[in-house]
Amino acid sequence: MDQQMSERNVWMNESMYDVRQATLSDLEGIVALDQRCHESAWSKVHFVRALGSPEHEVWGVWEDGALIGVLVLGLQPFDAEIELIVVAPERRRRGVASMLVMRGIDSGRALGKERLLLEVRAGNAAAIGVYVKRGFIQDGVRPGYYPADGAEREDGVLMSYPLCDLDTTSSA
């Protein structure tokens, strides 16, 4: 399946959900979802800052009124960065994460950013698969970046997606 057809399928899935920028009124649901899904969940203060910051966009996905997915997008001068994607365990493998990634791509492009960056646990094969399917490339590894159960720490994989066509040739 080519990239364009795959992107169309993501947007068809989006019509099944309510996808919008989250607000402070969504805070409790966002915190609860993140705590349910991550051992090292963000604090409520982190989400309050992201929801109130012009340097962030927070997107939510609702199904039948229930929050099932969240994207936190950090906005830097030249790049955007996926800081967090979380999907309710019972809603995984239904295209929600892909939809959130595409939302990040679209937002970054609309804002004129050059790249969309992210970092993911090396052991999170499902997430890495979503990113690779969307066209992200691996830029590097942060050895021992994440705390892990037991003595060894887990590597972080750095990935990026180009949001604009950077022409490096000169016509002079």
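**Entry 1: where α2 meets α3**

I began with the contact between two helices, and I found L27, E28, I30, V31 and D34 of α2 meeting K44, F47, V48 and L51 of α3. Sorted by class, the residues of this contact are six nonpolar, no polar and three charged. I am reading a predicted model here.

Next I looked up how the two helices lie. Helix α2 covers residues 27-37 and helix α3 covers residues 44-51; they pack at an angle of about 130 degrees, and their axes are 10 Å apart. That angle makes α2 oblique to α3, because angles of 65 to 115 degrees count as roughly perpendicular and only those over 145 as roughly antiparallel. I also noted the hand of the α2 and α3 crossing, which is right-handed.

**Entry 2: F47, from the α3 side**

I stayed with F47, which sits in helix α3. Is F47 buried or exposed? With a relative accessible area of 1%, F47 is buried; the cut-off for that is under 20%.

Which residues does F47 touch, leaving out those up to four places away in sequence? I listed L27, I30, V31, D34, W42, V72 and L84. Four of these names, L27, I30, V31 and D34, I had already met as α2 residues in the contact with α3. For V31 I checked the spacing too: F47 and V31 are 16 residues apart in sequence, and their C-alpha atoms are 7.4 Å apart in space.

**Entry 3: L84, a partner of F47**

I followed F47 to L84, one of the residues it touches. L84 lies in strand β4 and is buried, its relative accessible area being 8%. Not counting residues up to four places away in sequence, L84 touches D34, H38, W42, F47, V70, L71 and V72. So I can place D34, W42 and V72 on the list for L84 as well as on the list for F47, with burial (under 20% relative accessible area) as the setting for both.

I looked up one distance for L84 as well. L84 and A41 are 43 residues apart in sequence and 10.0 Å apart in space, C-alpha to C-alpha.

**Entry 4: the core**

How many residues does the largest nonpolar core have? I noted 48, and those with the most contacts inside this core are I82, L116, Y131 and F136. Strand β3, residues 66-75, gives the most to the core, with seven residues. A general point fits here: in soluble globular proteins, nonpolar side chains tend to be buried together.

I picked L116 for a closer look. Setting aside its neighbours within four places in sequence, L116 is in contact with L73, A80, E81, I82, V101, G104, I105, F136, M159, S160, Y161 and L163. Among them are I82 and F136, two of the core residues I had just written down.

**Entry 5: where α4 meets α5**

I then turned to a second pair of helices. Helix α4 (residues 96-110) and helix α5 (residues 125-134) have axes that come within 10 Å and cross at roughly 50 degrees. That makes α4 oblique to α5, and α4 passes α5 in a right-handed crossing. A97, S98, V101 and M102 of α4 make the contact with V130, Y131 and R134 of α5. By class, I noted five nonpolar, one polar and one charged residues.

While on α4, I looked up S107, which is found in this helix. S107 is buried, at a relative accessible area of 8%. Leaving out residues up to four places away in sequence, S107 touches E57, W59 and L73.

**Entry 6: two loop residues with positive phi**

Most residues other than glycine have a negative phi, so I wrote down two that do not. D64 has a positive phi of about 50 degrees although it is not a glycine. Where is D64 placed? D64 is in the loop between β2 (56-63) and β3, and it counts as exposed at 80% relative accessibility.

R93, also not a glycine, has a positive phi of about 65 degrees. R93 lies in the loop between β4 (79-87) and α4, and at 81% relative accessibility R93 counts as exposed.

**Entry 7: the whole chain**

Last, I stepped back. The protein chain has five helices and seven strands, and along the sequence they follow the pattern α-β-α-α-β-β-β-α-β-α-β-β. Of the 172 residues in the chain, 44% are buried. Among contacts with a separation of 6 or more, 61% are between residues 24 or more positions apart.

Note on methods
Residues are numbered from 1 along each chain as its sequence is written. This is a predicted model: local features need pLDDT of at least 70, side-chain atom pairs count only at pLDDT 80 or more; totals for chains, interfaces and linings use all residues. Side-chain values use heavy atoms; hydrogens and water are left out. Axes are lines fitted to C-alpha atoms, for helices over the stretch in contact, and angles run from 0 to 180 degrees between N-to-C directions. Helices (H or I, at least four residues) and strands (E, at least two) are DSSP runs, numbered from the N terminus. Angles under 35 degrees count as roughly parallel, over 145 as roughly antiparallel, 65 to 115 as roughly perpendicular and the rest as oblique. A crossing is left-handed if the near helix is turned anticlockwise from the far one by less than a right angle, and right-handed if clockwise. Contact means heavy atoms within 4.5 Å. Ala, Val, Leu, Ile, Met, Phe, Trp, Tyr, Cys and Pro count as nonpolar, Asp, Glu, Lys and Arg as charged, and the others, Gly among them, as polar. A nonpolar core is a set of buried Ala, Val, Leu, Ile, Met, Phe, Trp, Tyr and Cys residues joined through side-chain atoms within 4.5 Å. Buried means under 20% relative accessible area, exposed over 50%, partly exposed in between (1.4 Å probe, protein chains only).
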